Each structure stands twice: as C-alpha cells, then as structure tokens.
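Student: I would like a close look at a single part of this model, taken slowly and in connection with what surrounds it. Could you walk me through one helix and its neighbours?

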Amino acid sequence: MAVVCCTLRKMETAEPNFSQFGISEEEGDKLVAEVIRYILFKTHQNSGCPIKRDELTQLVTKNYHNRSLPSVVLGKATTKLSTVFGYDMKELQRARPSSTNQARSSQSSADAKAYIITSKLDPAVYRKHIEDSKKSHLTGFTFVVLGIVNLAGGKITEESLWHHLARLGLSQDDERNADFGSTKQALETLVQQRYLQKDKANGPEGLTLYYELAERGLLATASNNFKECITQMVMSEATTIELD
C-alpha cells in the first residue's frame with residue numbers, strides 16, 4: 001500500500017494539474033495545443049531550425065503570468081508530440097566551442113535554450129512516407145558535411161572544409177547551384193539548424209575560422225547508421241585509391 005501511495009505521489013508530481021495555476025483543464029489543453037501548433041509550423045517554416053524556449057514561453061505568458069506554468073505546458077506538449085504525433089522534442093544546450101583562446105565566438109549565447117523535434121519513425125518508413133523527396137539533396141549535403149567534420153576529429157578549418165567539398169564539385173562561390181542555390185548559404189543553414197557551430201581562433205597565420213560539430217551534429221554522428229555509412233565511405237575511398 002505504501003508503494004502504491006508513493007507511486008501515485010510521483011505521478012502527481014510529474015503531471016501537475018492546471019487547476020494548481022487557477023485555470024481550467026480546458027484552458028490548459030488549449031495552451032498545450034497552441035504550443036504544439038507553433039512548434040510544428042515553425043519547424044516546417046524554418047527548415048528544422050531550433051525554436052527558442054523564450055518564444056514558447058511567451059505563448060503561455062501573454063495571458064497567464066505564473067512563472068511555473070510554461071514548464072508544465074511544455075512538458076505536456078512534449079508528451080503529446082510523442083504519443084500523438086510521433087515526435088521527440090529535445091532541448092538543445094549551446095555547446096561551448098572547444099577553442100580555449102580569447103577570440104570571441106561568432107555565435108551568441110543568447111539562444112542557449114532551444115528545442116527541436118525529431119521523428120520517432122523508423123528511418124526507412126520516414127523516408128518512404130514522410131520525407132520530402134525535393135529536399136533529399138539537402139539531407140545528402142548535411143550528411144556529407146557532417147561526415148567530413150567528423151572524420152577531421154569533430155573540428156575543421158573553413159578552408160579545409162571547402163577544399164574537401166570542392167572535390168565533390170561544391171564551390172563556396174557558387175550562388176546558382178542547381179540543388180542549393182548558394183552553397184555558402186546551405187552551409188550557413190547547418191549552423192542555424194545547430195548541426196555545426198562556428199568559432200574563430202588566433203593561430204600562426206592570424207584569425208582562422210573553424211567549423212565544429214554542434215549539438216545536432218554530435219547526436220547525428222553518434223548514431224549507428226551514421227557510423228556504418230561513414231565506414232562504408234572510408235572503405236570505398238581506400239579501395240578507389242588502391243585501384244588508382
């Protein structure tokens with residue numbers, strides 16, 4: 001009996017009722033639905049770029065001023081996105097650049113807390129039924145860039161990155177690429193989506209710009225599918241060199 005009571009207390013703690021904040025369950029459910037709509041819309045509109053926590057908080061606090069309410073609404077929205085829509089909502093924490101020099105990072109820490117949603121579907125099912133085939137080239141570009149940075153140890157100079165991309169026919173000066181438009185902007189989009197982060201460091205040749213794996217990049221490169229694909233690419237490249 002004591003165990004049951006303890007379990008119930010934990011459940012109540014994990015799932016606070018909206019009545020605790022002086023609003024009805026109906027009002028609370030509307031807030032949750034509004035946050036979910038905003039997340040889905042912004043994710044689609046901004047090509048998967050993270051959504052700042054402040055944006056979601058403002059949706060809740062514009063009419064309700066309890067400081068604890070946004071966390072409860074976001075928690076319930078996270079649960080519903082998972083159980084109803086098949087998405088995992090993850091909070092990203094801005095990773096600090098690995099450089100220890102005094103150069104100022106090119107990115108602001110003001111957007112340290114943000115959210116992304118990722119599909120819980122099997123990758124093969126997602127590609128077949130959900131993924132937009134018109135954007136497959138962007139998925140390929142993301143994979144290639146992350147692969148290059150990962151093989152370089154998680155960090156690479158801008159010059160080296162573009163050198164490797166040039167071997168694949170991608171020039172940073174190309175503003176009219178058939179797939180990306182501006183290849184430079186396509187790379188910048190990966191920074192905005194938090195696959196990469198930029199950092200400037202002082203070196204023997206002056207200030208050097210580096211690209212480093214950011215939160216989403218670290219998550220992607222840690223997956224078994226990514227590792228298997230990279231292994232196959234490396235083996236294929238080694239075979240090509242031997243044949244040459």
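**Helix α4 and its surroundings**

Tutor: In this predicted model, a convenient place to begin is V72, which touches P16, F18 and F21 once residues up to four places away in sequence are set aside. V72 is found in helix α4, which spans residues 69-83. Is V72 buried or exposed? With a relative accessible area of 12%, V72 falls under the 20% cut-off and is therefore buried. The same part of the chain that supplies these contacts also gives a backbone distance, since the C-alpha atoms of V72 and N17 are separated by 8.8 Å although the two residues are 55 apart along the chain.

From V72 we can turn to the helix that packs against α4. Helix α2, residues 25-45, has an axis that comes within 9 Å of the axis of α4, and the two cross at roughly 65°; the crossing is right-handed. On the α2 side the contact is made by L31, V32, V35, I36, I39 and L40, which meet L69, V73, L74, K76, A77, K80 and L81 in α4. By class, the residues of this contact divide into 11 nonpolar, no polar and 2 charged. The spacing of such positions can be read against a general rule: an α-helix has 3.6 residues a turn, so residues three or four places apart point the same way.

Helix α4 also has a sheet beside it, for α4 lies across β2 and β3 and runs at about 135° to β2. These strands belong to an open sheet of 3 strands in the order β1-β3-β2, with antiparallel pairing. The edge strands, each of which pairs on one side only, are β1 (51-52) and β2 (87-93). Strand β3, residues 113-119, is joined to β1 by 2 bridges, and the two run antiparallel; within that pairing, I51 stands opposite Y115 in β3.

For comparison, consider another helix, α8 (residues 183-192), whose buried residues are T183, A186, L187, L190 and V191. Seen down the axis of α8, these buried residues fall within an arc of 155°, so they line one face of the helix. What covers them includes α6 (136-151), α7 (158-166), β5 (196-203) and β6 (206-213). Just after α8, R194 takes a positive phi of about 70°.

To return to the part you asked about, α4 meets α2 through the residues named above, lies across β2 and β3, and holds the buried V72.

Note on methods:
Residues numbered from 1 in each chain as written. Predicted model: local features only at pLDDT ≥ 70, side-chain atom pairs only at ≥ 80, totals over all residues. Heavy atoms only, no water. Helix = DSSP H or I, 4+ residues; strand = E, 2+ residues; numbered from the N terminus. Buried < 20%, exposed > 50% of the residue type's maximum accessible area, 1.4 Å probe, protein only. Contact = heavy atoms within 4.5 Å. Arc of directions from axis to C-beta. Pairing = 2+ DSSP bridges. Axes fitted to C-alpha atoms, helices over the stretch in contact; angles between N-to-C directions. Left-handed = near helix turned anticlockwise from the far one by under 90°. Nonpolar A, V, L, I, M, F, W, Y, C, P; charged D, E, K, R; others polar.
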